[in-house]
Amino acid sequence: MAGWGAAESGIAVPERPSVDFGLTDLGDGTFATIDGGRQLRIARAPTRRLVDLTVGADDPDDLDRIAAGLAGLGLAAVREGDAVRAREPVTGFQARVEVCPRLEQPFVSPTPYNGPGRPERTGNRAPGVLRNDPVRPLKLGHVVIGSTDYEATSRFFAEGLGFKASDYISGAGAFLRCSTDHHNVLVLSAPVNFLHHTSWQVEDVDEIGRGARAMLEGHPERHVWGLGRHHAGSNFFWYLKDPAGNFSEYYSDMDCIIDDQLWTPETLEGARGLFSWGPPPPPSFLHPDDLAALMTGSHAPA
Ligand SMILES: [Fe+2]
């Protein structure tokens, strides 16, 4: 079935963002990661939202199944060579699934950490304190959107595009995957359609800390929430805010689901839906400060 290939999303932002987060500016409004290549397109739009999303599929047969799945939801699918596209009916983004090679990441030796009876590194300081190169995300991991009908948007991904469910937030969200990552999409129930966050893989928890530290230097207003560890996906996280109000997450150590039979989706209740440990989530994490303005159309124009 579909794999998470080169994904491209559009995000409304009022100004050209910096590359402080570590993405490579390709100069045409698109940005690249180390392993994933071109994975982000920033576009002007009336509100901050996901504009389009491209997902990779293994085989042209997948496209036929997707077209049939979308037809089952009463949605039109447009075939364009080795791709199929359709508009998500609630939030309005354009989804495109195209046949392309899977994203294969090169092996990186595990970071040595000392533990009880387990001196993995001796005679020197930890790699995490010796590194001084800028943090650069390896790939786009997932996209999180708020939907005024999260069940319908989740059906679009699951029954339409063939995503699988990994976990649920009770009455409020669905973690969905099209790769071996725990989630590539999280659809959240929200009073208005908007882009909640994009999430970018870095090598380990030290890279999350180093990346966040660099982002916050001179820009304390960028801090949203971190450092912590989620329960769903198990990943370490730190969220930062971009100039348009979207959140960008550095993550590492995400759950990996190789055998679908060995993973049982859970419905997470209460705080477990949000996190395992870390500082208390700020109220603005689930209800960003500009939500009311987005609902009434009184947000700052892009
Ligand atoms: Fe996330």
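**Exercise 1. Identify which side chains meet in a salt bridge with an N to O distance of 3.1 Å, and state how exposed each partner is.**

Solution. In this predicted model, the side chains of Arg96 and Glu98 form a salt bridge, with 3.1 Å from N to O. The next step is to place each partner against the cut-offs, under which a residue is buried below 20% relative accessible area and exposed over 50%. Arg96 has a relative accessibility of 28% and therefore counts as partly exposed. Glu98, with a relative accessible area of 23%, is likewise partly exposed.

**Exercise 2. Locate Arg131 and Glu203, explain what their salt bridge ties together, and name the network to which they belong.**

Solution. Begin with the contact itself: the side chains of Arg131 and Glu203 meet in a salt bridge at 4.0 Å, N to O. Arg131 sits in the loop between helix 2 (127-130) and strand 9 (139-147), while Glu203 sits in the loop between strand 13 (194-201) and helix 4, so the pair links parts that are 72 residues apart in sequence. As to accessibility, Arg131 counts as buried at 19%, whereas Glu203, at 41%, counts as partly exposed. Finally, salt bridges with shared partners join Arg131 and Glu203 with Asp133, Asp204, Glu207 and Arg210 into one network.

**Exercise 3. Determine how many salt bridges the structure holds, and work out why the one between Asp20 and Arg222 ties together parts that are 202 residues apart in sequence.**

Solution. The structure holds 22 salt bridges. One of them joins the side chains of Asp20 and Arg222, at 3.0 Å from N to O. Asp20 belongs to the loop between strand 1 (10-12) and strand 2 (24-25), and Arg222 to the loop between helix 4 (205-216) and strand 14 (223-229), so this contact ties together parts separated by 202 residues in sequence. The two partners can then be classed by relative accessibility: Asp20 is partly exposed at 41%, but Arg222 is buried at 11%.

**Exercise 4. Describe the largest pocket by its volume, its lining and the residues nearest its centre.**

Solution. Start with the volume, which is about 860 Å³ for the largest pocket. Its lining consists of 28 residues, and those nearest the centre of the pocket are Gln105, Lys139, Asp181, Gln201 and Cys256. To complete the description, sort the lining of the largest pocket by residue class, which gives eleven nonpolar, eight polar and nine charged residues.

Conventions
Residues are numbered from 1 along each chain as its sequence is written. This is a predicted model: local features need pLDDT of at least 70, side-chain atom pairs count only at pLDDT 80 or more; totals for chains, interfaces and linings use all residues. Side-chain values use heavy atoms; hydrogens and water are left out. On a 1 Å grid over the protein atoms alone, a cavity is a set of points where a 1.4 Å probe fits but cannot get out, and a pocket is an open set with protein on both sides within 12 Å along at least five of seven lines; lining residues have an atom within 4 Å of a point. Grid points are joined across faces, edges and corners, and a volume is the space filled by probe spheres set on the points. Ala, Val, Leu, Ile, Met, Phe, Trp, Tyr, Cys and Pro count as nonpolar, Asp, Glu, Lys and Arg as charged, and the others, Gly among them, as polar. Helices (H or I, at least four residues) and strands (E, at least two) are DSSP runs, numbered from the N terminus. Buried means under 20% relative accessible area, exposed over 50%, partly exposed in between (1.4 Å probe, protein chains only).
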